[in-house]
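Work through the exercises below with the sequence and the structure at hand. Each task is followed by its solution in steps.

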Amino acid sequence: MTKSSNESDARAALRVVSAPEAEVYDLMRAPETTAERVKRLQAEARALALEQVEALEVALCKAADMAREIADGGDAYPVGARELAARLVADLPAKAETMKAIVAKSHP
């Protein structure tokens, strides 16, 4: 691999991290207490939960797009599948927006 491709690979792996993830460990600091560890782990769990909820929002929107294609697909799709897909088109985006509002309310 050339130097420029290594640099582009390194840049591709970069991401913005939140404050708890970005902390630099101070080797002169005493080991964290159990309470500090619990707080850190809870913060990590909340961050992971938020990522999963955001992934669900994306999946709901993708499912709504797919349902729209089926609902508009005409006679190639069975009538029952088209009707169910049409109901999902109406329902899934609203569910994704509700999920987004819940996340925004709990994470200012």
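**Exercise 1.** State which helix holds Ala 67 and decide whether the residue is buried or exposed.

Solution. The model is a predicted one. Ala 67 lies in helix 3. Its relative accessible area is 4%. The limit for a buried residue is under 20%, so Ala 67 is buried.

**Exercise 2.** Find what Ala 67 touches, leaving aside its neighbours within four places in sequence.

Solution. With those neighbours set aside, Ala 67 is in contact with Ala 85, Leu 88 and Val 89. Two of these names, Ala 85 and Val 89, return in the list of buried residues of helix 4. A further pair can be checked by distance: the C-alpha atoms of Ala 67 and Arg 82 are 8.1 Å apart, with their positions 15 residues apart along the chain.

**Exercise 3.** Place Ala 67 in the whole chain by listing the elements from the N terminus on.

Solution. The protein chain has 4 helices and 0 strands. In order, the elements read α-α-α-α. The chain has 108 residues, and 9% of them count as buried. Take the contacts between residues at least 6 apart in sequence: 49% of them join residues at least 24 apart.

**Exercise 4.** Compare the end-to-end reach of helix 3 and of helix 4 with the span expected for each.

Solution. Start with helix 3, which has 38 residues. At 1.5 Å a residue it should span 56 Å, and its end C-alpha atoms are 54 Å apart, so the two values agree. Next, helix 4 covers residues 79-106, which is 28 residues. From its first C-alpha to its last it reaches 41 Å, close to the expected 40 Å. Helix 4 nevertheless has a kink of about 30° at Val 89, shortly before the proline Pro 93.

**Exercise 5.** Work out how helix 3 and helix 4 lie against each other.

Solution. First, list the buried residues. In helix 3 they are Glu 57, Leu 60, Ala 64 and Ala 67. In helix 4 they are Arg 82, Ala 85, Val 89, Leu 92, Ala 96 and Val 103. An α-helix has 3.6 residues a turn, so residues three or four places apart point the same way.

Second, see what covers them. The buried residues of helix 4 pack against helix 3 (34-71), and helix 4 is among the elements covering the buried residues of helix 3.

Third, take the geometry. The two axes, of helix 3 and helix 4, come within 8 Å and cross at roughly 155°. Angles over 145 degrees count as roughly antiparallel, so helix 3 is roughly antiparallel to helix 4. The crossing of helix 3 past helix 4 is left-handed.

**Exercise 6.** Decide whether Asp 91 is buried, exposed or partly exposed.

Solution. Asp 91 belongs to helix 4. Its relative accessible area is 35%. Buried means under 20% and exposed means over 50%, so Asp 91 is partly exposed. Its C-alpha is 8.2 Å from that of Ala 64, a residue 27 places away in sequence.

Conventions. Residues are numbered from 1 along each chain as its sequence is written. This is a predicted model: local features need pLDDT of at least 70, side-chain atom pairs count only at pLDDT 80 or more; totals for chains, interfaces and linings use all residues. Side-chain values use heavy atoms; hydrogens and water are left out. Helices (H or I, at least four residues) and strands (E, at least two) are DSSP runs, numbered from the N terminus. The expected span of a helix is 1.5 Å times one less than its number of residues. The bend at a residue is the angle between axes fitted to the seven residues ending there and the seven starting there. Buried means under 20% relative accessible area, exposed over 50%, partly exposed in between (1.4 Å probe, protein chains only). Contact means heavy atoms within 4.5 Å. Axes are lines fitted to C-alpha atoms, for helices over the stretch in contact, and angles run from 0 to 180 degrees between N-to-C directions. Angles under 35 degrees count as roughly parallel, over 145 as roughly antiparallel, 65 to 115 as roughly perpendicular and the rest as oblique. A crossing is left-handed if the near helix is turned anticlockwise from the far one by less than a right angle, and right-handed if clockwise.
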